[in-house]
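I opened this notebook to record what I looked up about charged side chains and enclosed space. The entries follow the order in which I went through them.

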Amino acid sequence: DFIMIDIFNKLLKTISLEKEEQILNKWTSINYEKSVDYQKIIFLSGIFIFIILIIYLKNRQINKINRQMKKYIKIVDENVLTSSTDIKGKINYVSKAFCEISGYTKDELIGQNHRIVRHEDMPKKLFQELWNTIKEGKIWQGEIKNKKKNGEFYWVKATISPIFDDNKKVIGYTAVREDITDKKRIEQISITDELTGLYNRRFFNEIFEREVNRAKRDEHPFALIIFDVDFFKLYNDNYGHQAGDFVLQSIGKKLKELCKRSSDFAFRIGGEEFAVIFTPHFKENAVEFANLINKEIENLQIEHEYNKASSYVTASVGLYTEIGENLDSTKDIYYCTDLALYEAKKNGRNSYIVFNQNLLKDKE
């Protein structure tokens, strides 16, 4: 082997440098060939086009959803009575439908408190209950009578819900309302005496039971007044039924003026028989109110020459008043009030009598 290597080395020495370089270049040169993988390019292009197509279709779908959402939002805005407020109750959004029913523009409502549409007939207790509920993060539902800008009223069934931030903290409130004005009008007709505009006997029975139970539960005073127009049959017989209707309407109007509080209820429960259910602060207040009704009816100064108690139309008034814990059943309360009315008639009419236990003894 060493002999062959020596021979090989001697042979290399005989080759010129030029020839050696030629041989070296021949064996160490690299040939570069340019080639393009069209299949791969087509594949990648296909993927790219597919992605672009998906994005295009998704954008079309999103745009379609957005158009539908705008359409739905417009429908809601035009037909649903909605509004939202901040934590203090200041209005920051109202729907077009809310503006239309209230008579206010959005500019007139935004930044205002909902008190702007509150009707004076609604008791403060209802709104206290409302705020106590939503401040606790709960949903409140109920019926509310609101006032329009022009002074007219409308009724809504409202659902008021708290708005929470990411930390579950209440940051505002949203209200959705349903216009129930027509429904309330039908209800009103069903409980209203057509002639006088007062509540009727049907509603008297309902309110009587409810207010007695409420007085017992809350242990506050309760009062019932029942009164008759004195010698009303003689009035009708001599002045005519049309004049008699005028008397009843005039008394109804006067009772509406006197019964201003939300806890005052005035009724026509019979032909010439009326009733008032109310919540006095004290027994003395109930007596004062019975006396006031008696005097105000005579002060109408409607001529009645066949009235033996006065030259004007008058009434005999019976009053029952008691603290909640001492109240009897509605049947017994009505009986006792009627006894007081009977006593007022027996004493010459045009007067009021407050029920006491002695009247029961006299009856026996």
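**Entry 1, E108 and its partner.** I looked up E108 in this predicted model, and I note that E108 counts as partly exposed because its relative accessibility is 29%, which falls between the limits of 20% and 50%. I then looked for its partner and found that E108 forms a salt bridge with K149, with 2.7 Å between the closest N and O atoms. The pair links distant parts of the chain, since E108 sits in helix α5 (residues 106-109) and K149 in the loop between β3 and β4, 41 residues apart. For K149 I noted a relative accessibility of 46%, so K149 also counts as partly exposed.

**Entry 2, pairs within a helix.** I counted the salt bridges over the whole structure and arrived at 19. One that I looked at lies in helix α7, where E187 and K184 are 3 residues apart, about one turn of the helix, and their side chains meet with an N to O distance of 3.4 Å. Is K184 buried or exposed? I found K184 buried, because its relative accessible area of 15% is under the 20% limit, whereas E187, at 32% relative accessibility, counts as partly exposed.

I then turned to helix α8, which holds both R214 and E211, again 3 residues apart and about one turn of the helix. The side chains of R214 and E211 meet in a salt bridge at 2.6 Å, N to O. Here I noted that E211 is buried, with a relative accessible area of 3%, while R214 counts as partly exposed at 21%. I also recorded that salt bridges sharing partners join E143, K183, K184 and E187 into one network.

**Entry 3, a buried arginine.** Next I looked up R177, which lies in strand β5 (residues 170-179). Which side chain of opposite charge is nearest to R177? I found that it is D179, at 10 Å, and that R177 is buried yet has no salt bridge. The absence follows from the cut-off, because a salt bridge requires the nitrogen and the carboxyl oxygen to be within 4 Å.

I therefore looked for polar partners instead, following the definition of a polar contact as a pair of N or O atoms within 3.5 Å. The side chain of R177 makes such a contact with the side chain of S83 at 3.0 Å, and another with the side chain of H114 at 3.0 Å. Leaving aside neighbours within four places in sequence, I listed the residues in contact with R177, among them L81, F98, V156 and K157.

**Entry 4, the cavity.** I searched for cavities of 30 Å³ or more and the count came to 1. I noted about 320 Å³ of space in the largest cavity, which is lined by 20 residues, with H114, F127, L130, I160 and R177 nearest its centre. The elements giving two or more residues to this lining are α6, β3, β4 and β5.

**Entry 5, the pocket.** I looked last at the largest pocket, whose volume is about 1,900 Å³. Of the 44 residues lining this pocket, D121, W155, Y199, S262 and F265 are the closest to its centre. I noted that the elements supplying at least two lining residues each include α6 (124-135), β4 (153-164) and α7 (181-190), and that α8 gives the most, with 7 residues.

How values were computed
Residues are numbered from 1 along each chain as its sequence is written. This is a predicted model: local features need pLDDT of at least 70, side-chain atom pairs count only at pLDDT 80 or more; totals for chains, interfaces and linings use all residues. Side-chain values use heavy atoms; hydrogens and water are left out. Helices (H or I, at least four residues) and strands (E, at least two) are DSSP runs, numbered from the N terminus. Buried means under 20% relative accessible area, exposed over 50%, partly exposed in between (1.4 Å probe, protein chains only). Lys and Arg count as positive and Asp and Glu as negative; His and the chain ends are not counted. A polar contact is a pair of N or O atoms within 3.5 Å; within protein, one must be able to donate a hydrogen and the other to accept it, and residues adjacent in sequence count only if both atoms are side-chain atoms. Contact means heavy atoms within 4.5 Å. On a 1 Å grid over the protein atoms alone, a cavity is a set of points where a 1.4 Å probe fits but cannot get out, and a pocket is an open set with protein on both sides within 12 Å along at least five of seven lines; lining residues have an atom within 4 Å of a point. Grid points are joined across faces, edges and corners, and a volume is the space filled by probe spheres set on the points.
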